[in-house]
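Reader: I'd like to go through this structure with you and ask how each label is earned. Could you show it to me first?

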Amino acid sequence: MSFARLSGTGSYLPERVMTNAELEALVDTNDEWIRERTGIQQRHIVGDDETTCDIAEHAARRALTAAGRSPSDVDLIVFATTTPDRIFPATACLLQARLGIHGCTAFDVQAVCTGFVYALGIADRFIRTGGARCALVVGAETLSRIVDWTDRGTCVLFGDGAGAVVLEESKGAGIHSTHLHADGHYADLLHVPRDSTDDPAGNEMPGGYIRMKGNEVFRMATNTLGRIVDETLLANGLEKRDIDWLVPHQANIRIIAATARKLNLPLERVIVTVERHGNTSAASIPLALDVGIRDERIQRGDMVLLEAFGGGFTWGSALLTY
Ligand code: ACO
């Protein structure tokens, strides 16, 4: 029986930093409100000619270097994004071409903020069943292009970024389990309508931008993430005390803290990066994982729990020994 083991991580944030103070000039908000309600201090924004594939390439190359692998070793690319460069081909194929790889399986996954956990779950299943030996799993977003910069309820929350991991076939345990869920009945609480005719409430609103009922999303996210923690521990016969590190989706410090409380984990055992880049959707978990591994808080042999919640609604978790 083969397992999928994490052999390298990489991440990238665009150069341009947008502070909370800059947002005060765009909408009726303030630094204190944003920090207090979300924990966010700044976000990174791509340049005009910078794409999701561009920032993903930086993260992917860093992950391959950390794994001691070259692009030609990769036989599977799973790319989680809500902001692909084109409607088609998949951004995974664009990245494959950038990396100079020919012929391997490459496709995108759309599960919004749970996208990276979905992608990891899919790559894990490929490796366990012998369909791949060395997978590049990417989460990258240019959310600044679908943020309504006149809506203070959402524009303060999101940012751009990319993260990637290399997963390799291994005899010893790496990923123990992944748990992937969705419930489309909640689609309208957090979505990007295609155009003004696409609003279920019948409002005339421009399409193409994030629309969210923040309060309801917050409530659902905290309840659902609590349940998925239980599901993951139960599936693996583990207790809360067996978890060394929580690497959550970085949406809001209050949601992160609620999940840590559920696990009886002090915040010192949680990798938190939301203050630096806001909610980067599918990129946020690999970004945080990369930070925790590079600064050597997460050590080989540690038990790490990843969890996410996002539009769909979708939610999921992954438990792994690093
Ligand atoms: N600046 C200042 N005031 C604001 C702002 C802002 N940016 N946004 C809202 N307010 C005001 C509201 O208008 C409201 O004012 P009122 O009381 O006069 O009506 C007041 O602040 C409180 O608003 P709430 O919406 O109740 O604030 P809340 O504490 O719920 O925080 C937030 C809002 C941060 C959006 C929160 O609901 C949240 O984090 N929700 C989850 C969002 C999320 O994580 N989404 C993504 C998850 S899924 C994914 O990652 C795609």
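Reader: Which residues come nearest to the ligand, and what makes a residue count as near?

Author: A residue is near if one of its heavy atoms lies within 4 Å of the molecule. There are 22 residues around the ligand, and T29, R37, C113, N252 and N279 come nearest. Please keep in mind that this is a predicted model, where local features need pLDDT of at least 70, side-chain atom pairs count only at pLDDT 80 or more, and totals for chains, interfaces and linings use all residues. Residues are numbered from 1 along each chain as its sequence is written, and side-chain values use heavy atoms, with hydrogens and water left out.

Reader: What makes the pairing of R37 with the ligand a polar contact?

Author: The term asks for a pair of N or O atoms within 3.5 Å; within protein, one must be able to donate a hydrogen and the other to accept it, and residues adjacent in sequence count only if both atoms are side-chain atoms. A polar side-chain atom of R37 is 2.6 Å from a ligand oxygen. For R152, the distance from a polar side-chain atom to an oxygen of the ligand is 2.9 Å, and for an N or O atom in the side chain of H249 it is 2.8 Å. The protein covers 74% of the 1000 Å² of accessible area that the ligand has on its own (Shrake-Rupley method, 1.4 Å probe).

Reader: How do you know that the ligand lies between domain 1 and domain 2?

Author: Domain bounds come from an automatic or database domain assignment, which here gives domain 1 (3-172) and domain 2 (176-321). Both domains give residues to the shell around the ligand, so the ligand lies between them. As for the domains themselves, 55 residues of domain 1 are in contact (heavy atoms within 4.5 Å) with 45 residues of domain 2. Their centres, taken over C-alpha atoms, are 15 Å apart.

Reader: Now to E168: why is it called buried?

Author: Buried means under 20% relative accessible area, exposed over 50%, and partly exposed in between (1.4 Å probe, protein chains only). E168 has 12% relative accessibility, so it counts as buried.

Reader: What does E168 touch, leaving out residues up to four places away in sequence?

Author: E168 touches F3, A4, R5, S7, A67, R69, I127, R133 and C134. With S7 there is also a polar contact, side chain to side chain, at 2.6 Å.
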